[in-house]
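The following exercises are to be worked with the sequence and the structure in view. Each task is followed by a solution in steps.

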Number of protein chains: 2
Amino acid sequence: MTSPLKVGIAGLGTVGGSVARLLQEQSAVLARRCHRPLQVVAVSARDRNRKRKTPLDHLEWLEDPRQMIGHPDIDVVVELIGGADGVAHDLCTGALQAGQHVVTANKSLLARHGHTLAALAESRGVTLAFEAAVAGGVPIVKTLREGVAANTIERFYGILNGTCNYILTTMAKTGAPFAAALKEAQTLGYAEADPAFDIDGVDAAHKLAILASIAFGTQVNFAGVYCEGIRQICREDVTAAASLGFVIKLLAMAERTADGVIQSVYPCLVPKDRPIAHVDDVFNAIMLKGDYVGEMFMQGRGAGGNPTASAVVADLIDLANARQTRPFGTAAAELESLPGLPITRREGHYYLRFQVRDRAGVVADITGALGREGISIRTLTQRDESHSGGSVPMMLTTHRCREQAVQQALAALAPADYLEEPPHLIRIEYL
Amino acid sequence: MTSPLKVGIAGLGTVGGSVARLLQEQSAVLARRCHRPLQVVAVSARDRNRKRKTPLDHLEWLEDPRQMIGHPDIDVVVELIGGADGVAHDLCTGALQAGQHVVTANKSLLARHGHTLAALAESRGVTLAFEAAVAGGVPIVKTLREGVAANTIERFYGILNGTCNYILTTMAKTGAPFAAALKEAQTLGYAEADPAFDIDGVDAAHKLAILASIAFGTQVNFAGVYCEGIRQICREDVTAAASLGFVIKLLAMAERTADGVIQSVYPCLVPKDRPIAHVDDVFNAIMLKGDYVGEMFMQGRGAGGNPTASAVVADLIDLANARQTRPFGTAAAELESLPGLPITRREGHYYLRFQVRDRAGVVADITGALGREGISIRTLTQRDESHSGGSVPMMLTTHRCREQAVQQALAALAPADYLEEPPHLIRIEYL
């Protein structure tokens, strides 16, 4: 009998609780799939007395998770506390320095400090594993790092935030406005009381920066992500998109070009017949393109205790089988530092919505401003809503053009007195 | 500089040629992702003088691939010859016995001898890797064996044969009959001159048996796969399915129940709104369900030189990074031998098509026979095609019932003189 791999779990919230339960419930399965048994020896959580589904009283309880650092009985620290700095950062840094493996689901930590932590892990010959940090139960980290490692990855895009996807799906299915869809998501536990982190795209941007590092062999560059959330998406946009054959999705996209990496998170119009367009509710999905494998698509549950626990324990199984990997696939010292390219470099199609006072000359003025920037119009819809007091929405889509040209045209239009609100721009991605 | 991992490639057909090219073209990417360099040292192919895209003249050419067995310069044998027995079997067995790793894309070999070969590899402490044997570039073997290893897998199903999927997609899109769609697939190189192996479902059954072993921790049991191909699918079926909200797909499905494993390959009606229904042309896809991860879906290119080479080299990268795995995840000695359950155990919905002479009493007779077996009818369509000389198709779907009951009803109807041909049965899978 080989010695067990001894695990300390820091944080017993939804995910931590599921990890503890999984390790108990699946012990027979895990025994067959691991060379060494997995054994939880210590836990740390804010409230020891909280009622839990899994009996944990026989374990060592540590008041401060930092007591796991260098603890002689702990081979692997499972960090499920969260937060880019503070205790989580102390714990992960300390444990790696002490020669302990770290398994974490903490995307904000990795987006901010992933490169430093990876270099530290490599220098100590231990593993920093984070399958659970991106797309919950979907093993996209392993797939990029190992499954398609023979490829030069050209680009990838995905739905990496279940909260936004739930809201956008609800708006499309029920015609609900943004605020009502958000409220429903909150009621169902899919959105936080303070939803900013999700709906402003920050969470998706964290995950994107992590995946881009693995895919392109570059240093994690969260600051280089262009990020736009979904607050400004209106019912009109959802309806107009549908009538043009699109759905609106918050996509996280990354592309490696000759002169840098483009990383962006924004809501966009996606043709209805693409696989990503069918990813509804809280599901996550990723489409990647490699030079040999071609397009590959994965879809699954991106959040929740059980799917996330599935990913955390997959990392533990790898460790129990002595399958070690550099955190980002490429050695940290060899990860390139490439410039992030600004969104103004984008070339593509655009959807624009103007809320205008219904009077003569408006269409000519708007299309004229676009024309002066060399932007040609593909479709134009003006809805007859004279009952709404002379204010009507005007939606148009463009042919392929430069983002910079669109921004300049919108800036030129900004002073126009017939505009009831600033123009809305949503990018179109034919994918 | 660490010593390279030395590779011998046996078989330089479409896949072997792509593997050789990939290893040359991606050498910079691979160097960053591997602890040890990958170096091809020897090759073996039937025709040395064939013109190839990749220069291989500097390598050692072996007349007989079996000369790789125990070759002191070869750490890994990449077997791309094919066939369940003969040279491929000799080579893999010999190489493993000699303590060399084996990477293979040979599904028929694994479906027949996978368990024996895995036991041999484990006893010698070497790896038998076969990502390329199932679903081409889609890393489903790694995903089942590692990515979702923390789960008890309840069931999975997939489209594992691109040839059949191309034919069925073409029939659905163009209205072509089976023979014409097959011919088109042959012209495009998607089907062999002798297509039996693909269209009779044997290829999908091989892949299913391999995946079921990993997913359920059971011994590969190819003989236990119930297998039906797509030859009998007619335009009428495709049209009727579409009008009922279904598409026809050849699904490979496996489920672990309390008393055994059900493995089956058959064409079936799938609701249009399921992800698998959108998998068209030569794409492969798999949906799995784990108790923690929930449903997870993967889709990509299941065949062709480049995607398959992506999978072969992924296995080589794992080896160059000392990531070793038991071939089927569970130790060969612990893989259970469970009975395969017969298809008559199935309970579900059915689509039946009868080509009948149009005369009084036929509908009553058919529905009566079904009723006597307790089968209740959900929809019934009889098309008015009196121009076709009194022979009309009658399509019906059933409510949930036992397969055995359906088979008995059809047997009872067999002698009926109004039947122009034997009744067609296609199962419906709501998934």
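**Exercise 1.** Determine whether His89(B) is buried, partly exposed or exposed, and describe its surroundings.

*Solution.* The model is a predicted one. Step 1: the relative accessibility of His89(B) is 22%. Step 2: a residue is buried under 20% and exposed over 50%, so His89(B) counts as partly exposed. Step 3: in the chain, His89(B) belongs to helix 3 of chain B, residues 86–97. Step 4: apart from neighbours within four places in sequence, His89(B) contacts Ala84(B), Leu109(B) and His113(B). Step 5: Glu79(B) is 10 residues away from His89(B) along the chain, and their C-alpha atoms are 9.4 Å apart.

**Exercise 2.** Describe how helix 3 and helix 4 of chain A pack, and state which residues make the contact.

*Solution.* Step 1: two packed helices are described by the angle between their axes and the distance between the axes. Step 2: for helix 3 (residues 87–97) and helix 4 (residues 107–124) of chain A, the angle is about 15 degrees and the axes are 9 Å apart. Step 3: angles under 35 degrees count as roughly parallel, and therefore helix 3 of chain A is roughly parallel to helix 4 of chain A. Step 4: the crossing of these two helices of chain A is right-handed. Step 5: helix 3 of chain A contributes His89(A), Cys92(A), Thr93(A), Leu96(A) and Gln97(A) to the contact, while helix 4 of chain A contributes Leu109(A), His113(A), Leu117(A), Leu120(A), Ala121(A) and Arg124(A). Step 6: sorted by class, the contact of helix 3 with helix 4 of chain A holds six nonpolar, four polar and one charged residues.

**Exercise 3.** Carry out the corresponding analysis for helix 4 and helix 9 of chain B.

*Solution.* Step 1: helix 4 (residues 107–124) and helix 9 (residues 202–216) of chain B pack at about 50 degrees, with axes 9 Å apart. Step 2: this angle makes helix 4 of chain B oblique to helix 9 of chain B. Step 3: the crossing of helix 4 and helix 9 of chain B is left-handed. Step 4: the contact involves Lys107(B), Ser108(B), Leu110(B) and Ala111(B) from helix 4 of chain B, together with Asp203(B), His206(B), Lys207(B) and Ile210(B) from helix 9 of chain B. Step 5: by class, this contact in chain B comprises three nonpolar, two polar and three charged residues.

**Exercise 4.** Give the sign of phi for Asp281(B) and for Leu431(B), and locate both residues.

*Solution.* Step 1: most residues other than glycine have a negative phi. Step 2: Asp281(B), although not a glycine, has a positive phi of about 55 degrees. Asp281(B) is in the loop between strand 10 (260–271) and strand 11 (283–290) of chain B, and at 28% relative accessible area Asp281(B) is partly exposed. Step 3: Leu431(B) has a positive phi near 65 degrees. Leu431(B) follows strand 17 (424–428) of chain B, in the segment after that strand, and is partly exposed at 22%.

**Exercise 5.** Classify Gln299(B) as buried or exposed, and identify the relation between chains A and B.

*Solution.* Step 1: Gln299(B) is in strand 12 (residues 294–301) of chain B and counts as buried at 10% relative accessibility. Step 2: among the residues touched by Gln299(B) are Glu295(A), Met296(A) and Phe297(A), as well as Val138(B) and Phe283(B). Step 3: chain B is superposed on chain A by a rotation of 180 degrees with 0.0 Å of shift along the axis, at an RMSD of 0.1 Å. This is the relation of a two-fold axis. Step 4: 100% of the interface residues of chain B are also interface residues in chain A, so the copies meet through the same surface.

Definitions and conventions
Residues numbered from 1 in each chain as written. Chains lettered and ligands numbered in written order. Predicted model: local features only at pLDDT ≥ 70, side-chain atom pairs only at ≥ 80, totals over all residues. Heavy atoms only, no water. Least-squares fit on C-alpha atoms with pLDDT ≥ 70 in both. Contact = heavy atoms within 4.5 Å. Helix = DSSP H or I, 4+ residues; strand = E, 2+ residues; numbered from the N terminus. Buried < 20%, exposed > 50% of the residue type's maximum accessible area, 1.4 Å probe, protein only. Axes fitted to C-alpha atoms, helices over the stretch in contact; angles between N-to-C directions. Parallel < 35°, antiparallel > 145°, perpendicular 65-115°, else oblique. Left-handed = near helix turned anticlockwise from the far one by under 90°. Nonpolar A, V, L, I, M, F, W, Y, C, P; charged D, E, K, R; others polar.
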